[in-house]
Amino acid sequence: DRAVERSFLLLLERRPTDEEQQRYADGFRRKAIEIGGPREGLKSLLPVLILSPEFVYRQEIGLGETLPDGRRMLSPNEIAFALAYALTDSPPDHDLRKAVEEERLSTKEDVEREVRRMLETSTRDYWARELTSVEGYV
C-alpha cells in the first residue's frame, strides 16, 4: 500500500483514490511480487503509471461536479495544476496540494484565495521555497 501511494505522489503528484489504491495494490501484491519479488514487483508498477495519460498529459477534462446545463467543473486537483502551471510554470506547491487534500479548492473564493497567495510570492521566492522543501513528496 505504501509503495502504491508513494509512487502516485512521486509520479502523478497526488494520492491515489481508494479504487486506484485497491486496484494497484492488489495487482502489485498478487501478481508482481509473487512472480519476481518486491523489487521486481515495484519495477512493474512504475511503467504502468508512467505510461498513463495522466502522467504524459496535463488533464483538464472536468472531473468535478456536473452543472445543471451539463458542463462539468474541474476537480480540485485539476484546478491546482491549472493554476500552478498558469502562474508559475511548475507543479502545484505544498500549499496548493494541501488545499486539495483538505477540500479547500472547489469554490470561486477558494481559487481566488490561492491565486492571490501565489501572486504575492515572486517566482524567484516560489522556486527557492519549493526546491528546499520536500513536504508533500515524502
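In what order do the elements of the protein chain run from the N terminus on? Colour the chain by secondary structure and follow it along: the order is α-α-α-α-α-α-α. In total there are 7 helices and 0 strands. Keep in mind while you click that this is a predicted model.

**The whole chain**

Start with everything selected and a surface switched on. The protein chain exposes about 9,400 Å², and carbon and sulfur atoms supply 55% of that area. Of the 138 residues in the chain, 33% are buried. Now think about contacts between residues with a separation of 6 or more: 46% of them are made by residues 24 or more positions apart.

**Stop 1: R14, in a loop**

Select residues 2-11, which are α1, and 18-50, which are α2; R14 sits in the loop between them. Is R14 buried or exposed? Its relative accessible area is 13%, under the 20% cut-off, so R14 counts as buried.

Show its side chain next. The side chain of R14 makes a polar contact with the side chain of E20, at 2.7 Å. Now bring up the other residues around R14. Leaving out neighbours within four places in sequence, R14 is in contact with F8, L9, E20, E54 and N77. Then add R97 to the selection and draw a distance from C-alpha to C-alpha: R14 and R97 are 7.9 Å apart in space, although 83 residues separate them in sequence.

**Stop 2: V56 and a nonpolar patch**

Go to helix α3, residues 53-56, where you will find V56. V56 has a relative accessible area of 48%, which makes it partly exposed. Turn the surface back on and select I50, L51, F55 and Y57 along with V56: these residues form a nonpolar patch on the surface. Together they have about 530 Å² of accessible area.

**Stop 3: helix α4 and its end**

Select residues 76-88, helix α4. How far apart are its end C-alpha atoms? They are 18 Å apart, and this agrees with the 18 Å that 13 residues should span at 1.5 Å a residue. Within α4, the buried residues are E78, I79, A80, F81, A82, L83, A84 and T88.

Zoom in on T88, which belongs to helix α4. At a relative accessible area of 11%, T88 is buried. Its side chain has two polar neighbours to display. A polar atom of the T88 side chain lies 2.6 Å from the backbone oxygen of A84. The T88 side chain also makes a polar contact with the side chain of S90, at 2.8 Å. While you are here, check the backbone of D89: just after α4, this residue takes a positive phi of about 60°.

**Stop 4: salt bridges**

How many salt bridges does a search of the whole structure find? There are 13. Here are some to display.

- Select K98 and E102. Their side chains meet in a salt bridge, 3.9 Å from N to O. K98 is partly exposed at 38% relative accessibility, and E102 is also partly exposed, at 41%.
- Select R116 and E112. They form a salt bridge, with the closest N and O atoms 2.9 Å apart. R116 counts as exposed at 51% relative accessibility, while E112 is partly exposed at 41%.
- Select R113 and E114. Their side chains meet in a salt bridge at 3.2 Å, N to O. R113 is partly exposed at 34% relative accessibility, whereas E114 is buried at 3%.

Why can R116 and E112 be found one turn from each other? Both lie in helix α6, residues 108-120, and they are 4 residues apart, which means that about one helical turn separates them. An α-helix has 3.6 residues a turn, so residues three or four places apart point the same way.

**Last stop: a network**

Keep R113 and E114 on screen and add D93, D95, D110 and R117. These residues are linked with R113 and E114 in a network of salt bridges. Show the side chains of the group and rotate the view to follow the links.

Key
Residues are numbered from 1 along each chain as its sequence is written. This is a predicted model: local features need pLDDT of at least 70, side-chain atom pairs count only at pLDDT 80 or more; totals for chains, interfaces and linings use all residues. Side-chain values use heavy atoms; hydrogens and water are left out. Helices (H or I, at least four residues) and strands (E, at least two) are DSSP runs, numbered from the N terminus. Buried means under 20% relative accessible area, exposed over 50%, partly exposed in between (1.4 Å probe, protein chains only). Contact means heavy atoms within 4.5 Å. A polar contact is a pair of N or O atoms within 3.5 Å; within protein, one must be able to donate a hydrogen and the other to accept it, and residues adjacent in sequence count only if both atoms are side-chain atoms. The expected span of a helix is 1.5 Å times one less than its number of residues. Patches are made of residues with over 30% relative accessible area and no salt bridge: like charges are joined within 9 Å, nonpolar side chains (Val, Leu, Ile, Met, Phe, Trp, Tyr) within 5 Å. Accessible areas come from the Shrake-Rupley method with a 1.4 Å probe; for residues, only the protein chains shown count as cover. A salt bridge is a side-chain nitrogen of Lys or Arg within 4 Å of a carboxyl oxygen of Asp or Glu.
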